[in-house]
Amino acid sequence: MARKSKNKSRKPYIIVFWEGESEEQYFKFLKDKFHENANLNVHSKKGLFATAEKAFSSNGFYYDDMLDVDEIWIVFDTEVEMRPNWDRNWDVVKKLRRKCKNATVKLYMTKGCIEYYFLLHYEKTQPLIVSVKDKEKVLKLLSTKYCPGYEKGDKDTTWEIAEHYETAVENGEWSLKRIADELEGTADENERIRRLYFTDSTFTNVHEAVKHLMEMSRS
């Protein structure tokens, strides 16, 4: 059962939807790390927009929590193949905002593969990520130079990478500044997210979730 309203904690209540086991493990690390500051619920089933929509439906897992949840995070890799689904996915975001009236819905994205974001835990880098080969190069660099033995979804190595989250925040900010011209004039956050969803540039904004949790821990 989902957490009932009468048991609502004063800590911000955040629900995370994810597309891969590496993202799942990373956010489980954040749940463990920041448990004193946030009630971070990493959804038990893999899935993004359709999964989130179902979870808040009338018979969904979080139906009883709709007015309690403070934030909904949807974490995924941007791919060219996802672009035709923008309108449908954004409709889900708007539905969640209407249903969960007290919640902010956030999209946390990485170009091509989560391993690019993981690389930012160690260095400032912005390689081209378009093809499968490009993704394989990023994975190989991560698993040989920085975190030997890393494999997608492996808890131990993913948590080892996550320990460097403060560096990831710094380098993630750097990566966004490198594409600042593409985001110029986006005072509206919705438009900023749309441009990131469609960009061909290598980027991540996942570090903004970590930065948010860090700020909670200081308040």
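**Getting to know this fold through its contacts**

Mentor: Setting aside neighbours within four places in sequence, Y108 is in contact with W73, I74, V75, F76, N205, V206, E208 and A209. Keep in mind that this is a predicted model.

Trainee: What makes W73 or A209 a contact of Y108?

Mentor: A contact needs heavy atoms within 4.5 Å, and Y108 is in contact with both W73 and A209. Y108 itself lies in strand 4, residues 104-111.

Trainee: Why is Y108 called buried?

Mentor: The relative accessible area of Y108 is 4%. Buried means under 20%, so Y108 qualifies as buried. As for distance, W18 is 90 residues away from Y108 along the chain, yet their C-alpha atoms are separated by 9.7 Å.

Trainee: Let's step back to the whole chain. How many helices and strands does the protein chain have?

Mentor: There are 10 helices and four strands in the protein chain. In sequence order they follow the pattern β-α-β-α-β-α-β-α-α-α-α-α-α-α.

Trainee: What makes the protein chain as compact as a globular protein of that length?

Mentor: The radius of gyration is 17 Å, and the globule rule gives 17 Å for 219 residues; the two are close, so the chain is as compact as a globular protein of that length. The C-alpha trace spans about 50 × 35 × 30 Å along its principal axes. Of the 219 residues, 51% count as buried.

Trainee: How much of the contact network links residues 24 or more positions apart?

Mentor: Such residues account for 77% of the contacts with a separation of 6 or more.

Trainee: I'm curious about the rings now. Why is the pair Y26 and F27 described by the angle of its planes?

Mentor: The search of the whole structure finds 21 aromatic pairs. In this one, the ring centres of Y26 and F27 are 5.8 Å apart and the planes stand at 70°. Rings pair if their centres lie within 6.5 Å, and planes over 60 degrees apart count as edge-to-face, so Y26 and F27 make an edge-to-face pair. Both of these residues are buried.

Trainee: How do you know that F118 and Y150 are edge-to-face?

Mentor: F118 and Y150 are 5.9 Å apart, centre to centre, with 90° between the planes. The cut-offs are centres within 6.5 Å and planes over 60 degrees apart, so F118 and Y150 meet both.

Trainee: Why does this pair tie together separate parts of the chain?

Mentor: F118 lies in helix 4 (residues 114-119), while Y150 sits in the loop between helix 5 (132-146) and helix 6 (155-162), so the pair ties together parts that are 32 residues apart in sequence. F118 is buried, with a relative accessible area of 0%, and Y150 is buried at 4%. Ring pairs link F118 and Y150 into a cluster with Y26, F27, W73, Y108 and Y117.

Trainee: Here is another residue: is T78 buried or exposed?

Mentor: T78 has 2% relative accessibility, and buried means under 20%, so T78 counts as buried. T78 is found in strand 3, residues 71-78. Beyond its neighbours within four places, T78 is in contact with residues including M109, T110, L196 and F203.

Trainee: What makes G172 count as buried?

Mentor: The relative accessible area of G172 is 0%; the limit is under 20%, so G172 is buried. G172 lies in helix 7, residues 165-177. Outside its neighbours within four places in sequence, G172 is in contact with L120, T204 and H207.

Trainee: How do you know that M214 and R192 are buried?

Mentor: M214 has 10% relative accessibility and R192 has 13%. Buried means under 20%, so M214 is buried and R192 is buried too. M214 lies in helix 10, residues 207-218, whereas R192 is found in helix 9, residues 189-198.

Trainee: Which residues are in contact with M214 and with R192?

Mentor: Leaving aside neighbours within four places in sequence, M214 is in contact with F34, Y165, E166 and V169. One of those contacts, Y165, is 49 residues away along the chain, and the C-alpha atoms of M214 and Y165 are separated by 9.8 Å. With the same neighbours set aside, R192 is in contact with L176, L183, T186 and E208. E208 also appears among the contacts of Y108, where we started.

Key
Residues numbered from 1 in each chain as written. Predicted model: local features only at pLDDT ≥ 70, side-chain atom pairs only at ≥ 80, totals over all residues. Heavy atoms only, no water. Helix = DSSP H or I, 4+ residues; strand = E, 2+ residues; numbered from the N terminus. Rg over C-alpha atoms; globule rule 2.2 N^0.38 Å. Buried < 20%, exposed > 50% of the residue type's maximum accessible area, 1.4 Å probe, protein only. Phe/Tyr/Trp six-rings, centres within 6.5 Å; stacked < 30°, edge-to-face > 60°.
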